[in-house]
Amino acid sequence: MKIETVTVVGSGQMGSGIAQVCAVAGYETYVTDLSGAQLEKSEAGIRKRLARNVEKGRMTSQEIDGVWERLHFVQDARKAAGQSQLIIEAAIEKLDVKTEIFKMLDEAAPEEAILTSNTSSIPITTLAAATKRPPKVAGMHFMNPVPVMKLVELIAGLQTSQETLAAIREVAESVGKQVVVAQKDMPGFIVNRLLMPSINEAVWLLHEGIGSARDIDKGARLGLNHPMGPLTLADFIGLDTCLFILEVLYEGYGGDPRFRPCPLLKQMVGAGHLGRKVGRGFYEY
Ligand SMILES: NC(=O)c1ccc[n+]([C@@H]2O[C@H](COP(=O)([O-])OP(=O)(O)OC[C@H]3O[C@@H](n4cnc5c(N)ncnc54)[C@H](O)[C@@H]3O)[C@@H](O)[C@H]2O)c1
């Protein structure tokens with residue numbers, strides 16, 4: 001099966017970026033969302049980013065015209081999925097919402113189509129169980145911001161076939177990304193399993209008064225050559241999201257203390273200091 005048409009379900013931060021890179025790479029692309037206003041916002045955001053690519057000489061205006069011929073914003077996910085060989089779900093991180101979407105996609109999409117999720121924390125195996133095609137269900141975890149970040153983490157659910165993995169690898173590479181594969185569908189996959197304990201440890205350092213936020217971040221930047229310190233990165237991701245993923249890891253690994261969220265992180269979320277998006281987290285913006 002040749003993948004020519006892709007449907008992206010959910011046109012938020014991640015879905016918009018995924019749709020953009022797919023359309024730029026030459027795929028006929030449908031972006032869907034429950035909210036019409038969100039679809040308009042998504043389109044405006046992509047227009048702005050593509051215009052910047054022209055200004056910087058990375059794309060020509062003719063190439064942009066081609067992108068707009070291939071990129072369609074629609075509310076009816078069923079119809080779009082019915083015409084697609086690959087669906088990438090990027091709706092909100094709620095198990096019941098994603099399960100319903102996978103049931104709907106399983107009914108609407110052609111039998112041979114591959115269904116994937118961009119989830120950060122929900123087991124792919126659980127989403128696959130909502131369908132009659134578990135071998136054709138996998139994770140395609142793009143990083144934020146999608147057009148900039150080079151990695152896509154592929155996740156094999158319990159029953160994902162090698163053919164499915166090979167097909168989505170080809171798509172990920174064709175949109176200019178490099179791939180890592182989580183061969184087992186375990187909480188956090190590879191990237192968040194590395195990242196979240198490191199952010200959590202940085203919060204513990206702050207909580208225990210061992211270093212200031214600036215020094216902890218500086219230690220990681222200059223001592224470990226990380227481009228951004230862990231607390232700055234946590235503010236960027238959102239402290240509520242970090243706490244949520246840590247709780248998934250903690251619970252998913254049976255209360256393993258490696259993943260126990262630091263009380264300071266919980267307190268900051270409780271105080272509403274969620275990071276950049278609200279103007280205050282470990283730093284003020
Ligand atoms: N933001 C990140 O840094 C990041 C990174 C990697 C993965 N993810 C994952 O990507 C997914 C999307 O995250 P986001 O940050 O783009 O969220 P977001 O809130 O920006 O966007 C989610 C979109 O889903 C839409 N939506 C909700 N229910 C829907 C439904 N039933 N059908 C269609 N659309 C629906 C919402 O209207 C919204 O536009 C989540 O699973 C998240 O865990 C996020």
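How many bridges join strand 7 to strand 8, and do these two strands run parallel or antiparallel? I would like to start there, and I should say at once that what we have in front of us is a predicted model. Strand 7, residues 151-156, and strand 8, residues 178-182, are joined by 5 bridges, and the two strands run parallel. If you want one pair to look for on the screen, take V152, whose bridge partner in strand 8 is V179. Between these strands comes helix 7, residues 162-174, and together strand 7, helix 7 and strand 8 form a β-α-β unit that is right-handed.

Let me turn to the other pairing of strand 7, which is with strand 6. Here too there are 5 bridges, but strands 6 and 7 run antiparallel. Within that pairing, H141 has E153 of strand 7 standing opposite. As for its surroundings, strand 7 is largely enclosed by the rest of the structure, because 5 of its 6 residues are buried.

Strand 6 also brings us to the ligand. Strand 6 (137-142) supplies at least two residues of the shell around the ligand, as do helix 1 (13-24) and helix 5 (95-108). Which of the elements gives the most to that shell? It is helix 5, with 3 residues. In total there are 21 residues around the ligand, and those that come nearest are M14, D33, E93, K98 and N118. By character, the shell divides into 9 nonpolar residues, 9 polar residues and 3 charged residues.

Some of the individual contacts are worth going through slowly. In the case of M14, it is the backbone that takes part, with an N or O atom lying 2.8 Å from an oxygen atom of the ligand. D33, by contrast, uses its side chain, where an N or O atom is 2.6 Å from an oxygen atom of the ligand. A further polar side-chain atom, this one belonging to N144, lies 3.2 Å from a ligand oxygen. Taken on its own, the ligand has 830 Å² of accessible area, and the protein covers 78% of that.

Finally, I would like to point out three residues elsewhere in the chain, with a distance for each.

The first one I have chosen is G36, which is found in helix 2, residues 36-55. Is G36 buried or exposed? With a relative accessible area of 27%, G36 is partly exposed, because that value falls between the 20% and 50% limits. G36 and Q75 are 39 residues apart in sequence, while their C-alpha atoms are 6.8 Å apart in space.

Next comes D65, in helix 3, which spans residues 61-70. D65 is also classed as partly exposed, at a relative accessible area of 47%. Along the chain, D65 and E93 are 28 residues apart, and their C-alpha atoms are separated by 33 Å. E93, you will recall, is one of the residues that come nearest to the ligand.

The last is M268, in helix 12, residues 263-270. M268 has a relative accessibility of 10% and therefore counts as buried, the cut-off being under 20%. From C-alpha to C-alpha, M268 is 39 Å from V24, and the two are 244 residues apart in sequence.

Conventions: Residues are numbered from 1 along each chain as its sequence is written. This is a predicted model: local features need pLDDT of at least 70, side-chain atom pairs count only at pLDDT 80 or more; totals for chains, interfaces and linings use all residues. Side-chain values use heavy atoms; hydrogens and water are left out. A residue is near a molecule or strand if one of its heavy atoms lies within 4 Å of it. A polar contact is a pair of N or O atoms within 3.5 Å; within protein, one must be able to donate a hydrogen and the other to accept it, and residues adjacent in sequence count only if both atoms are side-chain atoms. Accessible areas come from the Shrake-Rupley method with a 1.4 Å probe; for residues, only the protein chains shown count as cover. Helices (H or I, at least four residues) and strands (E, at least two) are DSSP runs, numbered from the N terminus. Ala, Val, Leu, Ile, Met, Phe, Trp, Tyr, Cys and Pro count as nonpolar, Asp, Glu, Lys and Arg as charged, and the others, Gly among them, as polar. Two strands pair if DSSP finds at least two bridges between them. A crossover is right-handed if, with the strands pointing away from the viewer, the path from the first strand over the helix to the second runs clockwise. Buried means under 20% relative accessible area, exposed over 50%, partly exposed in between (1.4 Å probe, protein chains only).
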